[in-house]
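Got a model open and want to quiz yourself on it? Here's a quick round of questions and answers to go with it.

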Amino acid sequence: MTGSMVNISKRWGYHGLDALKKASPGYLMLMGAFALLALAGVSVGLHGMITGYHHVYGVSREISWGILISAYVFCVVTSTGLCIISSIGHVFGGEAFMPIAKRAVFMSIIFMLGGFCIIFFDIENPFRMAIYNVISPNLSSNMWWMGTLYGAYLVFMIIEYYFLLEQNHSLSRLMGFFGLVVGIAAHSNLGAVFGMLHGRPFWYGPYLPIYFIFSAAMSGGCAIMFVSTLAWKINPEIMNQRMERAIKAICQVTIFLISTIMFFTIWKIVTGMVSHDKSLVIMALVTGDYAINFWCFEIFLGMVLPLFLLVRSRGNNFNMIMWATGLMMVGIFFMRYDIVIPGQMISVYHSLGVEEALDIIKYTPSFHEIMAALFGLSVICFAYFAGEKMLNGHQLEKHEIVPEGGYICPGCGAIHFMEEGETEEDAMKRHHKIW
Amino acid sequence: MNFPKIDLNKLKNEGTESVTVKERRNFLKLGFAITGVYASGKILSLSSVLNDVAYASGGTDFVEKYPYNPHYSMVIRQSLCIDCEKCVEACNKTNHVPEYGYRTRILTRKYQGQLDKKVEFIPVLCNHCNDAPCVRACPTKATYKDPVTGIVRMESKKCIGCKTCMLACPYDARYFSAERHAIDKCDFCWEERLSKGETQTGCSSACPTGARTFGNLTDPENIVFKLVHQSEESVWVLRPEDGTKPNIFYMKGNMVSVDNILKGQKFIYSDPAKS
Ligand code: SF4
Ligand code: SF4
């Protein structure tokens with residue numbers, strides 16, 4: 001037993017429970033707090049399941065997707081985003097992005113599992129799903145494709161992670177590629193679940209599938225920077241020059257993606273204001289009930305503040321990046337909420353001008369719903385903190401693909417390339433301009 | 001029978017625009033085979049083209065073919081509805097609808113005229129759409145279009161409760177029933193009445209004014225066929241822009257015209273089935 005443990009620890013960087021025992025009391029308390037929260041969440045969720053969701057949930061006939069679906073969307077968007085951003089490196093060979101691969105893939109799996117935890121408490125008969133998704137598939141349903149593709153995505157990501165641990169780079173690259181393709185297909189289908197609903201003008205159209213992909217990449221960039229800089233707080237040793245370079249590169253990409261999403265948002269608002277069907281919802285976001293969500297969280301915390309801080313950080317002030325991306329994660333959560341709920345606020349009979357459908361429909365998340373959402377989110381946090389310790393900060397000397405003709409520079413930790421007839425030393429000198 | 005004082009002729013028609021004879025001819029010249037309804041000069045509900053049932057060779061008119069037989073449908077004569085909600089009661093009782101849900105409801109529309117106020121009641125229910133968005137959206141085929149009758153039904157044991165169909169339905173016709181552990185919706189009383197040999201739904205037989213008429217659209221002798229195929233009054237559907245091809249038709253329900261349509265047959269408003 002111990003023999004094989006040593007082996008795994010060498011090959012995978014798996015340090016097991018011992019690493020947890022060595023963790024500081026504060027760290028363990030934090031993990032304990034998340035474990036308790038997850039436990040509380042799951043018990044409240046199960047209580048709701050037993051009493052019947054319609055007694056305890058805030059969702060209604062008109063607004064049938066509430067905070068649970070928003071949280072689910074948040075999780076799977078982040079998961080897909082992590083996969084997209086990390087694949088720039090270890091699938092497409094963008095060298096600067098390589099060092100983040102292991103942590104990103106690990107977190108991508110965890111976010112996906114967290115999402116499944118949440119959706120478990122939203123779907124009324126989750127056990128039937130396992131059966132009838134298989135024996136009675138509806139191939140024209142986006143929902144079916146979304147579920148099935150995300151299932152496949154999770155499998156690919158787990159296999160990919162295994163090969164990353166095993167340092168079998170060609171297979172991990174192949175799996176990473178499949179994972180990416182399936183993940184993007186799944187994700188655009190999630191957009192289409194919303195975008196192909198008749199009578200929901202706020203969602204209807206090709207906007208959402210496209211927006212979701214860009215938005216996912218943005219969330220992925222944000223999440224990987226957050227978890228990496230937080231890991232650096234936990235254990236400063238994980239930052240070598242390669243990691244620093246990776247953070248810097250991701251920071252640039254994320255800045256670009258935030259700007260893209262800003263454009264998306266601006267045009268959503270502007271076109272929505274002049275659209276007869278949407279203006280009521282848009283006004284609720286801009287000046288009505290959802291104005292705080294929209295301006296304070298989605299716009300300020302989700303985009304403006306992180307954009308400012310990330311630009312200021314120049315990609316190397318890790319404290320600043322950590323705060324920027326941490327707050328941005330909160331903002332992104334509201335971004336998802338602001339898509340899911342407002343799309344249902346207007347009754348389908350509004351255009352008929354009937355008394356029953358004049359006003360926008362209200363929704364307030366109930367205690368049970370919030371707890372069930374917190375269940376999934378705390379599972380993610382718990383797994384993250386456990387992973388950082390048990391997997392040794394996702395570090396091994398080299399867990400990334402080293403391209404042919406390249407080698408890891410012993411000086412800076414980056415990948416260098418040798419030219420014809422050059423020795424490693426010559427190449428290093430050339431790269432570091434010490435001649 | 002007392003009816004509220006409503007100026008029938010001044011009520012706004014929210015349906016499709018009128019189509020002139022010329023436009024109608026032009027339309028037919030396109031050579032599209034139409035399975036759907038062409039009523040009172042208004043094209044209401046067209047299904048996909050290139051069906052082998054084409055217009056009659058004479059060229060001035062076309063043969064309609066409905067996709068189902070019997071093709072169940074309901075025609076709602078809106079101005080006859082007095083909001084007594086007897087239909088809703090009957091529906092709840094027949095189909096054991098829990099108190100937090102409904103399969104059908106009556107909407108109220110108010111007009112502020114220059115001299116008076118006018119109220120109009122609009123019964124709504126599942127439209128049993130020919131192109132049903134709920135059926136497309138359901139991941140497990142738990143909701144499906146009955147291949148014979150065209151009724152959109154539920155196979156409850158397959159429903160996973162994802163609620164996608166509730167959002168996909170542009171008529172708010174679905175709710176989740178905790179008792180059934182599945183979505184519940186109007187099935188034209190198939191399970192409780194039609195499959196047991198009845199010819200009317202609970203709501204249509206309970207309606208004291210004949211606002212709801214239920215029947216088979218493929219049968220030229222049937223009341224719904226006659227109401228849809230008359231040319232005195234306009235007939236419309238709700239939300240035609242969604243392209244769902246609904247099977248619930250609305251008309252104002254001007255009595256004189258109805259009598260004309262029925263060509264002198266005495267129409268007993270309390271029991272449309274016996275017309
Ligand atoms: S009205 Fe709604 S529930 Fe009924 S068939 Fe159409 S989409 Fe489905
Ligand atoms: S709630 Fe049930 S009927 Fe509706 S889409 Fe989901 S599985 Fe299908």
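## Around the ligand and across the chains

Q: Which residues are closest to ligand 2, and how many surround it?
A: This is a predicted model, so read what follows in that light. Ligand 2 has a shell drawn from chain B at its closest points: C138(B), C159(B), C162(B), K163(B) and C165(B). Counting the whole shell, the number of residues is 13.

Q: How do the residues of the shell around ligand 2 divide into nonpolar, polar and charged?
A: Cysteine counts as nonpolar and lysine as charged in this scheme. For the shell around ligand 2, the split comes out as 9 nonpolar, 2 polar and 2 charged.

Q: How much area do chain A and chain B bury between them?
A: An interface's size is often quoted as the accessible area that is lost when its parts come together. Here 38 residues of chain A touch 45 residues of chain B. Carbon and sulfur atoms account for 54% of the buried area, and the total is about 3,800 Å².

Q: Which residues in chain A lose the most area to chain B?
A: Three residues together make up 21% of what the chain A side buries. They are R61(A), H198(A) and Y349(A).

Q: What does the side chain of R61(A) meet in a salt bridge?
A: Across the interface of chain A and chain B there are 3 salt bridges. The cut-off is 4 Å between the side-chain nitrogen and a carboxyl oxygen. At 3.2 Å, N to O, R61(A) pairs with D172(B).

Q: Is D242(B) buried or exposed?
A: D242(B) sits in the loop between β11 (235-236) and β12 (248-251) of chain B. Setting aside neighbours within four places in sequence, D242(B) is in contact with H198(A), G199(A) and P170(B). Its relative accessible area is 11%, and the cut-off is under 20%, so D242(B) is buried.

Q: Which residues in domain 1 of chain B lose the most area to domain 2 of chain B?
A: The assignment splits chain B into domain 1 (19-73 + 198-274) and domain 2 (96-187). Between them these domains bury about 1,700 Å², with 55% of it on carbon and sulfur atoms. On the domain 1 side, 34% of what is buried comes from Y68(B), R212(B) and T244(B).

Q: Which residue forms a salt bridge with D131(B)?
A: Between domain 1 and domain 2 of chain B the count is 1 salt bridge. For D131(B), the closest N and O atoms are 3.0 Å apart, and the partner is K245(B).

Q: How far apart do the C-alpha centres of the two domains of chain A lie?
A: Chain A is assigned domain 1 (23-399) and domain 2 (402-435). Their C-alpha centres are separated by 39 Å.

Methods:
Residues numbered from 1 in each chain as written. Chains lettered and ligands numbered in written order. Predicted model: local features only at pLDDT ≥ 70, side-chain atom pairs only at ≥ 80, totals over all residues. Heavy atoms only, no water. Helix = DSSP H or I, 4+ residues; strand = E, 2+ residues; numbered from the N terminus. Buried < 20%, exposed > 50% of the residue type's maximum accessible area, 1.4 Å probe, protein only. Contact = heavy atoms within 4.5 Å. Domains from an automatic or database assignment. Near = heavy atom within 4 Å. Buried area = accessible area lost by both parts, 1.4 Å probe.
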